[in-house]
Amino acid sequence: MDRYEGFHEFVRTRQQSLMRTAYLLTGNPHLAEDLLQTVLTRVASHWAKLAKGGNPEAYARKALVNQTISWRRRRQVELPGAELPERAQPGQPHDEATVRRLALRHALAKLTPKQRAVIVLRFYEDRSERETAQLMGVSIGTVKSQTSYALSKLRALTPEEVYR
């Protein structure tokens, strides 16, 4: 049996979903690609064990979260720092959806790695508190408290007028 049997199929079918998660965790498409490549290398090295009785997707998602937190602890990751664009002048077109998206992206970049991971897993991936806790390797209580802190911070960082 080939030690990587099924790995290429796993990557082919799950790569887009994993890439989306990596992007949401990092907020940067280039860092997301690096993150996913690092994690898929780790998955490949454990593939024989994961293919037999493990859950490769759960392992990969947990590795995405852990690697993101590890990277941000080791070095200061460059995050988008540009201020939101000014409102369009009267008579000039503007796109409210774009302004909302930029405001949220800017606010997400200011969260701690754990808070951002909780928000991504709970609300973008629609994971339960239990699943999120398992993926992050923390208790359900930690997921609840980090979610509460993160949502409070997002509300404080995002102007109310953006959510009209």
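Colleague: In which helix is Asp34 found?
Modeller: This is a predicted model, in which local features need pLDDT (the predictor's confidence in each residue, from 0 to 100) of at least 70 and side-chain atom pairs count only at pLDDT 80 or more, while totals for chains, interfaces and linings use all residues. Residues are numbered from 1 along each chain as its sequence is written, and side-chain values use heavy atoms, with hydrogens and water left out. Helices are DSSP runs of H or I with at least four residues, strands are runs of E with at least two, and both are numbered from the N terminus. Asp34 is found in helix α2.

Colleague: Why does Asp34 count as partly exposed?
Modeller: With a 1.4 Å probe and protein chains only, buried means under 20% relative accessible area, exposed over 50%, and partly exposed in between. Asp34 is therefore partly exposed, as its relative accessibility is 40%.

Colleague: Which residues of α2 are buried?
Modeller: Helix α2 has 17 residues and reaches 24 Å from its first C-alpha to its last. That is close to the expected 24 Å, a span defined as 1.5 Å times one less than the number of residues. The buried residues of α2 are Leu31, Ala32, Leu35, Leu36, Val39, Leu40, Val43 and Ala44.

Colleague: Which residue caps the N-terminal end of α2?
Modeller: A side-chain oxygen of the capping residue lies 2.7 Å from the backbone nitrogen of His30. The residue at this N-terminal end of α2 is Asn28.

Colleague: Which helix gives the most to the largest nonpolar core?
Modeller: A nonpolar core is a set of buried Ala, Val, Leu, Ile, Met, Phe, Trp, Tyr and Cys residues joined through side-chain atoms within 4.5 Å. The largest has 31 residues, of which Phe10, Leu18, Val39, Val43, Leu64 and Val65 touch the most other members. At least two residues come from each of α1 (7-26), α2 (29-45), α3 (47-53), α4 (56-74), α6 (113-124) and α7 (129-136). With eight residues, the helix that gives the most is α2.

Colleague: How many residues are in the other core?
Modeller: The largest core draws at least three residues from each of domain 1 (7-74) and domain 2 (88-157), with bounds from an automatic or database domain assignment. Apart from it lies another core, with Ala107, Leu111, Ala150 and Leu154 among its members; its count is six residues.

Colleague: Which residues does Val43 touch, not counting those up to four places away in sequence?
Modeller: Contact means heavy atoms within 4.5 Å. By this criterion, the residues touched by Val43 are Phe7, Phe10, Leu50, Tyr59 and Ala60.

Colleague: Which backbone oxygen does the side chain of Thr68 reach?
Modeller: Thr68 lies in helix α4 and is buried, with a relative accessible area of 5%. Beyond residues up to four places away in sequence, Thr68 touches Leu25 and Leu35. At 2.7 Å, its side chain reaches the backbone oxygen of Leu64.

Colleague: What is the phi of Asp126?
Modeller: Asp126 lies in the loop between α6 and α7, and it counts as exposed because its relative accessibility is 66%. Although Asp126 is not a glycine, its phi is positive, at about 55°.

Colleague: Over which residues is the pLDDT below 50?
Modeller: The protein chain has a mean pLDDT of 82, and 82% of its residues reach 70 or more. The stretch with pLDDT below 50 has 16 contacts in the model beyond near neighbours in sequence, and it covers residues 76-85.

Note on methods. A polar contact is a pair of N or O atoms within 3.5 Å; within protein, one must be able to donate a hydrogen and the other to accept it, and residues adjacent in sequence count only if both atoms are side-chain atoms.
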